[in-house]
Amino acid sequence: MKKVLIINGGQNFGHSGGKYNQTIAENTLQVLKEFENVEIKITNVSEHYDKNEEVQKFVWADYIIYHTPIWWFQLPNGLKKYIDEVFTAGHAKGIYMSDGRSAENPEINYGTGGMLGGRKYMLTTSWNAPSTAFTLPGEFFNETSVDDGALFGFHRMNAFVSLEKMESFHFHDVEKNANVERDMKRYREHVRNVFEKELKPELV
């Protein structure tokens, strides 16, 4: 039995109602239910949660899937608060033990004290920015991808607790040119392809 934790970082704030990321989470659930022997838990950061119970979910899971909008090129405040609270509560309780360094040689081994080794995570994000803002010369993100640029710190955070990165999926131009049916179809194909490799390795 493989265990998957879905973290929905969407929230109602300003002009955002969190509905788009709720739709993404529902599509994730739809695909994962196609696989046998998969147990799923979902956390919505906009709802009440117990930080210590969330620590246990990370320890329980084989895979963590993050769904988040991007606000001002960063995680929204609700998801950032969730991570701050849960990861801090997870110190020496299954998420991380230390920063990995020793007093004898503090210059090396930073970021090697995570406790979630053997588990993997996948990130999905939703942007107002079009994909071309990341790829075309002279455009805003200087030809730097989401994962290597704006979300680099997020990925290092997960590496710090010893999670292994799976292939990300990013939704672009969702405010002006969203095509939900098209985009969710592409996303379901992505999730299906990623988890077929994970859950049915004999097929690849």
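Q: Before we start, what counts as buried here?
A: Buried means under 20% relative accessible area. Exposed means over 50%, and partly exposed is in between. Keep in mind that this is a predicted model.

Q: Okay. Is Val146 buried or exposed?
A: Val146 is buried, because its relative accessibility is 4% and the cut-off for buried is under 20%.

Q: Where is Val146 found?
A: In the loop between helix H4 (132–135) and H5.

Q: And what is Val146 in contact with, leaving aside neighbours within four places in sequence?
A: Thr125, Trp127, Phe134, Leu151, Phe152, His170 and His172.

Q: How far apart are Val146 and Pro76?
A: In sequence, 70 residues. In space, C-alpha to C-alpha, they are 16 Å apart.

Q: Let's move to H5. Which of its residues are buried?
A: Phe154, His155, Met157, Asn158 and Phe160.

Q: What covers them?
A: The cover includes E3, H3, strand E4 (120–126) and strand E5 (164–165).

Q: There's a histidine in that list. Why does His155 count as buried?
A: Because its relative accessibility is 7%, and under 20% counts as buried. His155 sits in helix H5, residues 152–160.

Q: What is His155 in contact with, sequence neighbours within four places aside?
A: Tyr121, Leu123, Asp147, Lys165 and Ser168.

Q: And Phe154, with the same neighbours left out?
A: Phe154 is in contact with Tyr66, Leu75, Ile83, Tyr121 and Leu123.

Q: What comes just after H5?
A: Ser162, which takes a positive phi of about 75 degrees.

Q: New topic: the core. How many residues has the largest nonpolar one?
A: It has 34 residues. Those with the most contacts inside it are Ile7, Phe58, Ile64, Tyr66, Tyr82, Phe87 and Phe154.

Q: Which elements give two or more residues to this core?
A: Strand E1 (2–8), helix H2 (51–60), E3, H3, E4, H4 and H5. The largest share comes from H3, with 6 residues.

Q: What about a second core?
A: That one is separate and has 21 residues. Among them are Val4, Ile6, Val174 and Phe195.

Q: What's the general tendency behind cores?
A: In soluble globular proteins, nonpolar side chains tend to be buried together.

Q: Now the surface. Which residues make the nonpolar patch of about 440 Å²?
A: Trp72, Phe73 and Phe140.

Q: Where does Phe73 lie?
A: In the loop between strand E3 (63–69) and helix H3 (77–89). Phe73 counts as partly exposed, at 39% relative accessibility.

Q: And is Phe140 buried or exposed?
A: Exposed, with a relative accessible area of 56%.

Q: How many aromatic pairs are there in the whole structure?
A: A search finds 18. In one of them, Phe73 and Phe140 have ring centres 5.5 Å apart and planes at 20 degrees, so the pair is stacked. The pair links distant parts of the chain, 67 residues apart.

Q: What kind of pair do Phe73 and Phe141 form?
A: An edge-to-face one. The distance is 5.8 Å centre to centre, with 75 degrees between the planes. Phe141 lies in the loop between H4 and H5, so the pair ties together parts that are 68 residues apart in sequence.

Q: Is Phe141 buried or exposed?
A: Buried, with a relative accessible area of 14%.

Q: Last one: which residues form one aromatic cluster with Phe73?
A: Trp127, Phe134, Phe140 and Phe141. Two of these names came up earlier: Val146 is in contact with Trp127 and Phe134.

Technical notes. Residues are numbered from 1 along each chain as its sequence is written. This is a predicted model: local features need pLDDT of at least 70, side-chain atom pairs count only at pLDDT 80 or more; totals for chains, interfaces and linings use all residues. Side-chain values use heavy atoms; hydrogens and water are left out. Patches are made of residues with over 30% relative accessible area and no salt bridge: like charges are joined within 9 Å, nonpolar side chains (Val, Leu, Ile, Met, Phe, Trp, Tyr) within 5 Å. Accessible areas come from the Shrake-Rupley method with a 1.4 Å probe; for residues, only the protein chains shown count as cover. A salt bridge is a side-chain nitrogen of Lys or Arg within 4 Å of a carboxyl oxygen of Asp or Glu. Helices (H or I, at least four residues) and strands (E, at least two) are DSSP runs, numbered from the N terminus. Buried means under 20% relative accessible area, exposed over 50%, partly exposed in between (1.4 Å probe, protein chains only). Contact means heavy atoms within 4.5 Å. A nonpolar core is a set of buried Ala, Val, Leu, Ile, Met, Phe, Trp, Tyr and Cys residues joined through side-chain atoms within 4.5 Å. Rings of Phe, Tyr and Trp (its six-membered ring) pair if their centres lie within 6.5 Å; planes under 30 degrees apart count as stacked, over 60 as edge-to-face and the rest as tilted.
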